[in-house]
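Hi,

Here is the structure I promised to send over. Have a look at it first, and then read on for my notes.

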Amino acid sequence: MSSNIVLGANQYGKAEVRLVKITRDTDRHEIEDLNVTSQLRGDLEAIHTVGDNAHCVPTDTQKNTVYAFARDGVGAPEDFLLRLGKHFVDDFDWITGGRWAAQKYTWDRIVVDGNEHDHSFVRGGTETRTAVLTIDEGVPTMISGLEDLAVLKSTASEFHGFPVDKYTTLAETRDRILATSVTARWCYNTTDLAFDDVFADVRRILLEVFATKYSLGLQHSLYAMGEAVLQAHPEIDEIRFSMPNLHHFLVDLTPFDLDNPGEVFYAADRPYGLIEAAVRRDDAPDSAAAWAGVAGFC
Ligand SMILES: O=c1[nH]c(=O)c2[nH]c(=O)[nH]c2[nH]1
């Protein structure tokens, strides 16, 4: 028995191009801080099989294109990725698609004497905004999201009713801290959107529902957050979450003759529960190919 050996799925490009764009038309500067990845797909066979680089737009060129495009402004990361993707697919006949991804870091203005400073900024925590554009046979699919949005509520969270076997030691609780670091990604059914506005509203909904939904488990909170996003945004077909349950254990203060009515906790860093789920419209078209380019979800 003999088999042919062939090239399988492939893509290539420059990963993690760190881009900082300062807009300085006035004394009040703006900062945009991104990490951009560009990967091309198409007729790339000869590059691999015989070392013919006629179709090999260098990864260095892809990096340069990111910086050159930024000279005209970045804007919503999704719009920047759409510009990049369109450029590579339109300008090189053999490029039929690809994957373009961005993380955007948050900077806030430093406040001096009650006033926001014009050109000094402070990193706004760990949260990053994300976008992944996949173009497949000319069809763009955008998956936006956020990573590491750390949230905590100090009550209005219970966990009970779970099965008990001989290994169960967890006590039921009617009042606990619920803390997580939300990573969420959502898939749009169009790319004709005011991406900044939608992002801000999805983020608002995630925070509001986490805060106000009386939680019977992190899974319960997650689903409510996803459901609310889909109810408010018909342009979103599916939202996926990866949420660690960041456990806070009540410290036993009885050795010190002290009570502890839910006030002093040990914040464990590991292990942590890891809750992952997708919330989707049951009639949405299959977007598995676009999700395949987004790591880290079930
Ligand atoms: O919200 C929770 N979900 C779980 O699945 C779980 N499991 C656990 O031990 N604690 C919790 N909390």
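Where is the place of His247? In this predicted model, His247 sits in a loop, the one between strand E7 (236-245) and strand E8 (248-250). Its relative accessibility is 24%. That counts as partly exposed, because buried would require a value under 20%. Leaving aside its neighbours within four places in sequence, His247 is in contact with Tyr266, Ala267, Ala268, Pro271, Tyr272 and Gly273.

I started with His247 because of an annotation: the unreviewed UniProt entry has an "active site" feature that covers Lys14, Thr59 and His247. These residues are spread over 234 residues of sequence, and in space they are up to 42.7 Å apart between C-alpha atoms. From this set, His247 is part of the lining of the largest pocket.

Next, Thr59. You will find Thr59 in helix H2, which covers residues 59-70. Thr59 has a relative accessible area of 25%, so it is partly exposed. If residues up to four places away in sequence are not counted, Thr59 touches Tyr12, Gly13 and Lys14, and Lys14 is itself covered by the "active site" annotation.

Ser38 may also interest you. Ser38 is placed in strand E2 (residues 30-42), and with a relative accessibility of 2% it counts as buried. Which side chains does Ser38 join by polar contacts? One is the side chain of Gln62, at 2.8 Å, and another is the side chain of Trp100, at 3.0 Å. Not counting residues up to four places away in sequence, Ser38 touches Tyr12, Gly13, Lys14, Gln62, Phe88, Arg99 and Trp100. Tyr12, Gly13 and Lys14 are thus in the contact lists of both Ser38 and Thr59.

Now the ligand, probably the part you will open first. Around the ligand are Phe159, Leu170, Arg176, Gly217, Leu218, Gln219 and Asn245. Here are the polar distances I would look at:

- Arg176: a polar side-chain atom lies 2.8 Å from an oxygen atom of the ligand.
- Leu218: a polar backbone atom is 2.7 Å from an oxygen atom of the ligand.
- Gln219: a polar side-chain atom lies 2.9 Å from a nitrogen atom of the ligand.

On its own, the ligand has 290 Å² of accessible area, and the protein covers 71% of that.

Best wishes

Notes:
Residues are numbered from 1 along each chain as its sequence is written. This is a predicted model: local features need pLDDT of at least 70, side-chain atom pairs count only at pLDDT 80 or more; totals for chains, interfaces and linings use all residues. Side-chain values use heavy atoms; hydrogens and water are left out. UniProt positions are given in the numbering used here, feature names are shortened, and annotations may be inferred rather than shown by experiment. On a 1 Å grid over the protein atoms alone, a cavity is a set of points where a 1.4 Å probe fits but cannot get out, and a pocket is an open set with protein on both sides within 12 Å along at least five of seven lines; lining residues have an atom within 4 Å of a point. Helices (H or I, at least four residues) and strands (E, at least two) are DSSP runs, numbered from the N terminus. Buried means under 20% relative accessible area, exposed over 50%, partly exposed in between (1.4 Å probe, protein chains only). Contact means heavy atoms within 4.5 Å. A polar contact is a pair of N or O atoms within 3.5 Å; within protein, one must be able to donate a hydrogen and the other to accept it, and residues adjacent in sequence count only if both atoms are side-chain atoms. A residue is near a molecule or strand if one of its heavy atoms lies within 4 Å of it. Accessible areas come from the Shrake-Rupley method with a 1.4 Å probe; for residues, only the protein chains shown count as cover.
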